[in-house]
Each structure stands twice: as C-alpha cells, then as structure tokens.
Amino acid sequence: MLLILQGDAELWAIVLLSLRVSLMAVLISAVIGMPLGAALAVSRFPGRRGVIVLVNALMGLPPVVVGLLVYLMLSRSGPLGVLQLLYTPTAMIIAQVVLVTPIVAALTRQVIEMLAEEYSEQLRSLGVSRLASVPTLLWDARLALVTALLAGFGRAIAEVGAVIIVGGNINHVTRVMTTTIALETSRGNLALALALGAILIGIAVAVNALVSAVSLRAEHEGLTHA
Amino acid sequence: MVGIRIRTLLMALGLMAGGAQAEEAYIVLQSTTSTQNSGLLDHILPGFEAETGIDVRVVAVGTGQAIRNARNGDGDVLLVHAREAEEKFVADGWGVERFDVMYNDFVLVGPKSDPAKVGGGTDIVAALKAIAQATAPFVSRGDDSGTHKAELRQWKEADIDVAAASGGWYRETGSGMGATLNVASGMEAYVLTDRATWIAFGNKGNLEILVEGDPRLFNQYGVILVNPEKHPGVRAAAGQRFIDWLLGEVGQGAIASFRLDGQQLFFPNAR
C-alpha cells in the first residue's frame, strides 16, 4: 500500500491510460455496434438467426486470440505494419474494439428487438420503413442501451490478454492497470498486485455509479417532461 | 526522365524517414522477463535516456517470443539469453551482429523440506537425476524461453525424458519466470530460475536455493541489432547507439552497479 502511495503520479498515469483506452474503445464500439445491432433487430433476411447466434457467440471472444490476431495485422511483417501502430495505445484500442463491439451489438439487438415489437403498430401506421426506424428506436432505448455500454466497458477495462500482446506493457507508454497487475504478480509482489486490483475494481464501481446517476437523472427528467 | 522521378521519390522518402527518425526518438527493445522483473532495466535505462534523449521502450517476454517478435520486425534491439538461438538469428540474416553483454547464473530452487535430498549440491545433473528418481514435483517454464532451453539442456545431460513425465511430477506452466515461480511456490516444487529473478522475487514462500555454482548453470546475455536490411523500419542509428552505450564503459558500469539486497545480480562481460 505504501508503494502505491509513493508511486502516486505514476499510478495516476496508468489509471488514466486504462480509462483512456477503454473508454475510447467503448465509444468506437458504440458507433459501430449500436446501429449494427439495431439493424439486425429490425431487418428480416435469410440467415438472420445464424447471424444473431454468431454475434452472440462473439461476445465470448477470447482476448488472447484477439490480441494475437491484431498483433499479426499490426506487426511490421503484417498487412498493416507500415502504420507502425504496434505497441501503442491505438493498438490496444483496436483490440478492445474487436472485443467490445460484439457485446454492444448483441445487447443492442436484444433491446431494440423488444422495443420494435412494442412499437411495430405505430411505426407501420406512420409508414416508416424498418431500417428508417433504427435511429428513433435507438434514441428511445437510450437508457437501456447504457447497460450495453457498461457491459462493454467492463469487458474492456478488465481484460489483459489482448492489451499485453499488442501494447507490450511498455512503461509510460502502454502500461495499464491490468498489465501492471500481471507484472507485479510475476514479480511475486502479490500484496501490491492485490492492492492494484482493488483500485481497478474501485474505478469500475466509480464509472458505473457515475453512469447510473446520469441515467437516473435523465429518466427522472424524461418523466417530468412527459 | 524516369530516373529523375525515381530520384525525387527516393529523396522525398528519405526526407520522410529522416523526419520520422528525429521525431521518434525512441527504440523498441525486445527483452526477457528476467531483465525487467529483476529491476535491472529500470536501473540502467534512465542513464542512457538522459544522455541521448532516446527513450527505450521495453517489451519483456520470453527469449523465444522476443526473437520471434524481432524476426517480425517488431523491435529494434534484442537483449536475450539463449546463445544458440541468438547466433541462428544472426546467421539467418535477421540480426546484424551478436555481442556478449553480461552474465549471471541459474540456480535450482526447491522446497525447504527437499524430498529429493539435493540441497547444498553443486552438480545440477546429479540433482535433476535425484528429483526424477524421487518423482518430486518439478515446475518448468515450458515456453521456449532462454531459461527453458537451459533447463532442457540439463535434463538431456541427465538422460531423463521429461516429456514422458509431463503432467505427472514434471509440470510445464508455459508462462514467464515469475508466474512459474508462483506456481512452484504454491505447490512446493523444484524449479530452475535465473538468480536475478529469484532474488527480486517477492513470493518465495517455502522455497530456497538448493543447488548453485555448477559451471553448466552459466547464463550469458547477448545483444543484437535487428537487421535494417530485412526490416527497413528498424531504427538502426538509435538502436546502434544503445548497443554501443550498453557495451561501453558507462553501460557496463551501470550493469555492475545494480544491486538488490546487497547482491550484484548481473556481471558485465562485453569485450
């Protein structure tokens, strides 16, 4: 614990990088995953069930496999090697986007599908095509979708398998909370690793509490306006 | 006409490369867990960084993985400890030249209860034979690292087929030195480790050094510049500067001055 207090500035930099990487990954995943999930919820095409099963299954992508795939893409010998992104925070964001997008898409699909059924009469009477109703449905479901984002954030902030491969756990560059914990564990500093784990859990709780407070307030305002 | 165009293009590329080099004053060092976990790199690198302004970004993995990463061009300098693999790396053209940097040694660590009765010995091969005889639990890195290669050499010399015992008394973790030491500590097993990681390790539990001082446990580290002819993206100038520094008086002195618990963990031996 003493070490944590002593290494204050360093620890804060690591915490901030963790948040930066994971929040950015969730943001990008939301931009990709939400429209995708909503489109999947309202559209009807052959093989749709299969796509839904696949997206749901991808929620369980093993981080270490994603890390390896992203490494192979970004390595100097890989197809995107010229971009020199390996061992940068950007590489870590890319890997986490791959992990989080299916979670956001699958949960969005579920929420929107239920909502679309509820609204189907109304939307049909207004003559809105299925896909055109996507933005409306997303907006109406925004509070429920926060949970989808939080699930994605939980996955991103907690995983170590992908970021340690594509980030390299480089001090002051790509070292985040989970890779620091892995490093301290391998140094046999179990008490320090555990204390860092407690901080990580604290961050997750803080982010969730913040989001929950904001959405509660939004819900409240929505009710008073209506 | 075409000649001029190509020359202009090359000049533009050269300018871009030069610009990129000035901007990116850093190198990626592919190294082993022992140099990082022991704290050696944290001790010596600030000196180089202050002197040159070149930031050294360390990726600490097992020697096998470090070499594979460097082969892929994902690193500028390689600092590892598996001489044969290093020489092959250079012979295959992936590296420019290999230099000795420093050495330390491996030690056999095991439970204080010492079921195979090997404590106090200096003959690693005899100790391994006794462990196999007693079928006492032994934890191996199993990850193609420098330490793993060194361990397998000793088993070979002891004429023991560990593959046959895998999953029984012989356990392969497939992990780094620290993770493997945690396993050994948890199950009170024997394990071969480099001395530096062992001394710096914080979770020794019931383990202690049982066999040391065998010349066969010598552990040499080498440094290699990744070949820019194979990977044009290699920051060769900065990488060479780091190697020169490491092999020079200042770098060697920094290695010698690194101490933990009053012990010197690495012994510089660049020629």
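Modeller: Before we start, pLDDT is the predictor's confidence in each residue, from 0 to 100. We need that here, as this is a predicted model.

Biologist: OK, so what is the mean pLDDT of chain A?

Modeller: The mean for chain A is 91, and 95% of its residues reach 70 or more.

Biologist: And where in chain A is confidence lowest, and where is it highest?

Modeller: The low end is helix α1 of chain A, residues 2-6, with a mean of 54. The high end is helix α3 of chain A, residues 48-58, at 97.

Biologist: Let's talk helices. At roughly what angle do α4 and α5 of chain A cross?

Modeller: Roughly 130°, and their axes come within 10 Å. In chain A, α4 covers residues 63-74 and α5 covers residues 89-125.

Biologist: What does that make α4(A) relative to α5(A)?

Modeller: Oblique, because of that crossing angle.

Biologist: Is the crossing left-handed or right-handed?

Modeller: Right-handed, for α4(A) and α5(A).

Biologist: Which residues make the contact?

Modeller: From α4(A) you have Pro63(A), Val66(A), Gly67(A), Val70(A) and Leu74(A). Across from them, α5(A) brings Ala91(A), Ile94(A), Ala95(A), Val98(A) and Leu99(A).

Biologist: How does that contact split by class?

Modeller: Between α4(A) and α5(A) there are 9 nonpolar residues and 1 polar, with no charged ones.

Biologist: Switching topic: how many residues of chain B are in contact with chain A?

Modeller: 20 residues of chain B, and they meet 17 residues of chain A.

Biologist: Which elements of chain B each supply at least two residues there?

Modeller: They are α2 (33-37), β2 (55-60) and α9 (177-187) of chain B. On this side of chain B, α9(B) gives the most, with 4 residues.

Biologist: And how do the residues on that side of chain B divide by class?

Modeller: The side of chain B touching chain A has 7 nonpolar, 11 polar and 2 charged residues.

Biologist: What domains does the assignment give for chain B?

Modeller: Domain 1 is 2-103 + 220-268, and domain 2 is 105-217. Their C-alpha centres lie 30 Å apart.

Biologist: How many residues does each domain put into the contact?

Modeller: Domain 1 of chain B puts in 18 residues and domain 2 of chain B puts in 14.

Biologist: Which elements give two or more residues to the domain 1 side?

Modeller: In chain B, those are α2 and α4 (63-71). The largest share of that domain 1 side comes from α2(B), with 3 residues. By class, the domain 1 side that touches domain 2 in chain B has 6 nonpolar, 11 polar and 1 charged.

Technical notes
Residues are numbered from 1 along each chain as its sequence is written. Chains are lettered from A and ligands numbered from 1 in the order in which they are written. This is a predicted model: local features need pLDDT of at least 70, side-chain atom pairs count only at pLDDT 80 or more; totals for chains, interfaces and linings use all residues. Axes are lines fitted to C-alpha atoms, for helices over the stretch in contact, and angles run from 0 to 180 degrees between N-to-C directions. Angles under 35 degrees count as roughly parallel, over 145 as roughly antiparallel, 65 to 115 as roughly perpendicular and the rest as oblique. A crossing is left-handed if the near helix is turned anticlockwise from the far one by less than a right angle, and right-handed if clockwise. Two residues are in contact if their C-beta atoms, placed from the backbone, lie within 7 Å. Ala, Val, Leu, Ile, Met, Phe, Trp, Tyr, Cys and Pro count as nonpolar, Asp, Glu, Lys and Arg as charged, and the others, Gly among them, as polar. Domain bounds come from an automatic or database domain assignment.
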